[in-house]
Each structure stands twice: as C-alpha cells, then as structure tokens.
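Could you walk me through this chain, with the cut-offs behind each term spelled out? Here is a short report to read alongside the coordinates.

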Amino acid sequence: MSSLDINKFVGAILFTLLLIWITGMIADALVDPGKVHGPAMVADSGKAPAAKAKAKAKAPKLAAIGPLLAKASAADGKKVAKKCKACHAVTKGGKNKVGPTLWNMVDAPKAGNAGFKYSKALKAKGGKWTYEDLNGFLASPKGFAKGTKMSFPGIKKAGDRAALIKYLRSLSASPAPLP
C-alpha cells in the first residue's frame with residue numbers, strides 16, 4: 001500500500017468523524033436534549049389510565065364560597081373573565097360561541113340557554129347555577145360534570161373563582177342575591 005493510499009484512507013476516516021460531529025451539533029441545536037418533559041412511553045398493565053381518569057375527573061373539595069364572595073370584587077373578576085371571552089360572550093344578547101353566553105347565568109337553570117347544545121352530563125345535573133355549583137364547576141369543569149364538553153382545566157385559586165363569580169353575578173339586569 002502506498003503512502004498516497006494511506007493518506008486517502010486516513011482522510012476518509014477524519015472526514016467521516018468530522019461529518020458525524022457536525023451532524024451532532026446541528027441535531028443538538030434543533031432539539032435540546034437537556035429538557036426532558038417526561039417519559040416518551042409508559043408501560044403499564046392497563047389499569048393506570050383508568051385510575052388517572054378517575055383522579056382527574058374527581059371534583060376537588062372546596063371551601064364555602066360565601067365568605068370568599070364577601071371579600072371578592074367584580075372588577076377583579078372582570079380581569080379573570082378575560083380567560084372566558086375566547087369561548088363565551090358576556091354581553092346581554094351576545095351570541096353563543098364555542099360555549100354559551102354568560103349573561104344572566106347566576107341562579108339561572110343549568111343547561112338553560114335554549115340556543116346552545118349542552119353536553120348530556122351538564123343537562124343531567126339539573127337545577128340552577130348556585131354560587132356553590134359555580135364554584136365547583138369553575139374549579140374543575142370535568143370534575144363537576146363528568147363528560148362535559150368544556151375543555152377548560154379550571155381556576156385553581158379560590159379568590160379568583162370568587163371574583164369571577166361576583167363578576168358573573170353582575171352580568172344581569174337584576175343580579176341574584178349574595179349568599
């Protein structure tokens with residue numbers, strides 16, 4: 001083997017290593033390997049998803065809403081309601097969007113907006129939207145009415161829920177009395 005052939009062989013190996021190194025740098029730039037957000041695959045016996053679904057759908061234990069409403073302000077609730085406006089109208093005579101209009105809903109019948117198609121889960125609840133029911137629904141819609149179409153995860157802070165409920169109460173020509 002001549003020295004020219006040996007140089008070609010070593011050059012080919014060095015070129016291959018350089019190409020692998022550059023490809024690795026580009027891949028690292030595109031995908032940050034340091035940020036792992038959880039397992040890519042979970043192996044289980046088939047029982048875990050049902051247990052997770054039960055845990056997610058379970059309504060959380062909530063404190064009484066009455067004392068929280070006494071401290072809450074409708075102005076703060078209006079700020080919290082910005083989350084709702086993507087799916088709900090809040091004005092009198094507002095058209096239903098993805099969700100029903102929120103005008104005059106406190107103490108109104110659940111699933112009572114005739115122009116909106118509610119889920120069977122919410123229709124089955126029956127009754128009126130009491131302050132306690134609104135608190136439970138806003139904390140965890142799927143926990144309150146398992147099978148509801150509302151995909152919103154809920155408002156975790158009790159103070160924010162109370163402010164939102166107080167704001168919703170103000171969206172009426174004759175607001176419902178506070179508890």
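Arginine 161 sits in helix 8, which covers residues 158–170; helices here are DSSP runs of H or I with at least four residues, strands are runs of E with at least two, and both are numbered from the N terminus. Please keep in mind that this is a predicted model, in which local features need pLDDT of at least 70, side-chain atom pairs count only at pLDDT 80 or more, and totals for chains, interfaces and linings use all residues. Residues are numbered from 1 along each chain as its sequence is written, and side-chain values use heavy atoms, with hydrogens and water left out.

**A buried arginine**

Arginine 161 is buried but has no salt bridge. Buried stands for under 20% relative accessible area, exposed for over 50%, and partly exposed for what lies in between (1.4 Å probe, protein chains only). A salt bridge asks for a side-chain nitrogen of Lys or Arg within 4 Å of a carboxyl oxygen of Asp or Glu. For arginine 161, the nearest side chain of opposite charge is aspartate 160, 8.3 Å away; Lys and Arg count as positive, Asp and Glu as negative, while His and the chain ends are not counted.

What does the side chain of arginine 161 reach at 2.8 Å? That partner is the backbone oxygen of isoleucine 155. Leaving aside residues up to four places away in sequence, arginine 161 touches Leu62, Asn135, Leu138, Ala139, Ile155 and Lys156, where contact means heavy atoms within 4.5 Å.

**Helix 6 and the salt bridge**

Asn135, Leu138 and Ala139 are among the buried residues of helix 6. In that helix, 8 of the 9 residues are buried, and the buried ones pack against helix 3 (65–71), helix 5, helix 7 (141–144) and helix 8.

The structure holds 1 salt bridge, in which the side chains of aspartate 133 and lysine 110 meet at 2.7 Å, N to O. Aspartate 133 belongs to helix 6 (residues 131–139) and lysine 110 to the loop between helix 4 (74–80) and helix 5 (120–125), so the pair links distant parts of the chain, 23 residues apart. Lysine 110 counts as buried because its relative accessibility is 10%.

**Two exposed loop residues**

The loop between helix 4 and helix 5 also holds lysine 92 and valine 98.

| Residue | Relative accessibility | C-alpha partner | Sequence separation | C-alpha distance |
|---|---|---|---|---|
| Lysine 92 | 63% (exposed) | Alanine 173 | 81 residues | 8.9 Å |
| Valine 98 | 65% (exposed) | Lysine 117 | 19 residues | 9.9 Å |

Not counting residues up to four places away in sequence, valine 98 touches Cys87 and Phe116.

**The largest pocket**

About 650 Å³ of space lies in the largest pocket. On a 1 Å grid over the protein atoms alone, a pocket is an open set of points where a 1.4 Å probe fits, with protein on both sides within 12 Å along at least five of seven lines; lining residues have an atom within 4 Å of a point. Its lining has 33 residues, and His88, Gly99, Pro100, Leu102 and Met150 lie nearest the centre. Helix 6 and helix 8 are the elements giving two or more residues to that lining, and helix 6 provides the largest share, 3 residues.

**The whole chain**

The chain has 8 helices and 0 strands. Of its 179 residues, 30% are buried. Among contacts between residues at least 6 apart in sequence, 51% join residues at least 24 apart.

Note on methods: Polar contact = N/O pair within 3.5 Å; in protein donor to acceptor, adjacent residues only side chain to side chain. Points joined across faces, edges and corners; volume = space filled by probe spheres on them.
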